[in-house]
Amino acid sequence: MAISKSANTYNRQNWEESEFPILCQTCLGDNPYVRMIKEVFGSECKICDRPFTVFRWCPGARMRYKKTEICQTCSRLKNVCQTCLFDLEYGLPVQVRDKGLKIKDDLPRSAVNREYFTQNLESGSTGNRTEPLGAVGKAPPPSNDMLRRYARTTPYYKRNRPHICSFWVKGECKRGEECPYRHEMPTDPDDPLSNQNMKDRYYGVDDPVAEKLLQQIEGVSKVSVAKEKGIAFEKSTNAAQPTTAKQDLVETLPPPPGAEDSQNFYYPSQDPLRMGTTTH
């Protein structure tokens, strides 16, 4: 793509320039006085390949520097953070959010169709640069409470920790405690979470984080359904068993020997349910 002002003027008009990023609380950090570095047209969006304004900042002490990865137009199309690409309202992956809201991904993938699609949405949108666009903005509230039950309502700052020091893994790090990276062993390379792709997370397709969360939700739902079936079966079993009153048991017992003609015979006071048979 040409960078010159005189060349390719049409495409340059579609470049994005903004004053502040669209971020979640986790990526922004806990420092209320955070300072950001702004670079106009500093990089291309990882989704639409258009140049946009890049912001870079440190979310807190002993945290790694973070920067925006996608443009604000792509962020508004999915209502996700520009850095972590998680949903801004629920803090969940796009694949989980779309399944809970029953949203079908209809975003075009080719460059020409995607550009035409975004131009129509931007021309029909209001002046608010943070409201969601497309199917997410028109989606009704969730019919079930799955999203609210599993939504991350508090920031998860461990996601901002530095990366693992590759020199320490090989036993060659000489910085010691002054090393800005983590001195921890990496996870299993065969772990699906070690192979995460930004476009898969954005489009909600084959996202390992979302698939792991969906498996947990499915397992919890199966356990709850099994418990409900067990309670219902126990109630139906108890209702099917006939209840016999104490007076009915006494009346069904035969009279003692020699008291057939007497109307005033009685048995000792004892719980009929605890009475056993005596064999002589």
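A residue counts as buried when its relative accessible area is under 20%, as exposed when that area is over 50%, and as partly exposed in between. In this predicted model, D206 has a relative accessible area of 54% and is therefore exposed. N79 has a relative accessible area of 12%, so N79 is buried.

**Positive phi angles**

N79 has a positive phi of about 55° although it is not a glycine, and the description also applies to D206, with a positive phi of about 55°. N79 lies in the loop between α3 and α4, while D206 belongs to the loop between α9 and α10 (208-240). Two further positive phi angles occur at K102, which follows α4, and at D49, in the turn of the β1-β2 hairpin. The table lists these residues.

| Residue | Phi | Place |
|---|---|---|
| N79 | about 55° | loop between α3 and α4 |
| D206 | about 55° | loop between α9 and α10 |
| K102 | near 60° | following α4 |
| D49 | about 65° | turn between β1 and β2 |

Beyond its neighbours within four places in sequence, N79 is in contact with F86, D87, L88, E89, R97, P132 and V136. One of these partners, R97, is a buried residue of α4. The other buried residues of that helix are V94, Q95, V96, D98, G100 and L101. Because 7 of its 8 residues are buried, α4 is largely enclosed by the rest of the structure.

**The sheet**

Three strands make up an open antiparallel sheet in the order β1-β2-β3. β1 (36-44) and β3 (66-67) are the edge strands, and each has a single partner, so one side of each lacks a neighbour in the sheet. β1 and β2 are joined by 6 bridges in the antiparallel sense, and they form a hairpin with 6 residues between them. Within this pairing, K38 has F55 of β2 as its bridge partner, and M36 is opposite W57. The antiparallel pairing of β2 with β3 comprises 2 bridges; here W57 is opposite K66 of β3. W57 thus faces M36 in one pairing and K66 in the other. As 6 of the 7 residues of β2 are buried, this strand is largely enclosed by the rest of the structure.

**Nonpolar cores**

In soluble globular proteins, nonpolar side chains tend to be buried together. The largest nonpolar core here has 16 residues, of which C45, I47, I70, C71, C74 and Y202 touch the most other members. Two or more residues of this core come from each of β2 (51-57), α3 (72-78) and α9 (198-203). A second, separate core of 13 residues includes V96, L101, L147 and L213. Two of those named members, V96 and L101, are also among the buried residues of α4.

Which residues does C71 touch, apart from those up to four places away in sequence? The contacts of C71 are E16, C45, C48, R50, F52 and Q82. Among them is C45, which is listed with C71 among the residues of the largest core that touch the most other members.

**A surface patch**

On the surface, W168, V169 and M185 form a nonpolar patch with about 280 Å² of accessible area together. V169 is located in helix α8 (residues 166-169). With a relative accessibility of 36%, V169 is classed as partly exposed.

Technical notes:
Residues are numbered from 1 along each chain as its sequence is written. This is a predicted model: local features need pLDDT of at least 70, side-chain atom pairs count only at pLDDT 80 or more; totals for chains, interfaces and linings use all residues. Side-chain values use heavy atoms; hydrogens and water are left out. A nonpolar core is a set of buried Ala, Val, Leu, Ile, Met, Phe, Trp, Tyr and Cys residues joined through side-chain atoms within 4.5 Å. Buried means under 20% relative accessible area, exposed over 50%, partly exposed in between (1.4 Å probe, protein chains only). Helices (H or I, at least four residues) and strands (E, at least two) are DSSP runs, numbered from the N terminus. Contact means heavy atoms within 4.5 Å. Two strands pair if DSSP finds at least two bridges between them. Patches are made of residues with over 30% relative accessible area and no salt bridge: like charges are joined within 9 Å, nonpolar side chains (Val, Leu, Ile, Met, Phe, Trp, Tyr) within 5 Å. Accessible areas come from the Shrake-Rupley method with a 1.4 Å probe; for residues, only the protein chains shown count as cover. A salt bridge is a side-chain nitrogen of Lys or Arg within 4 Å of a carboxyl oxygen of Asp or Glu.
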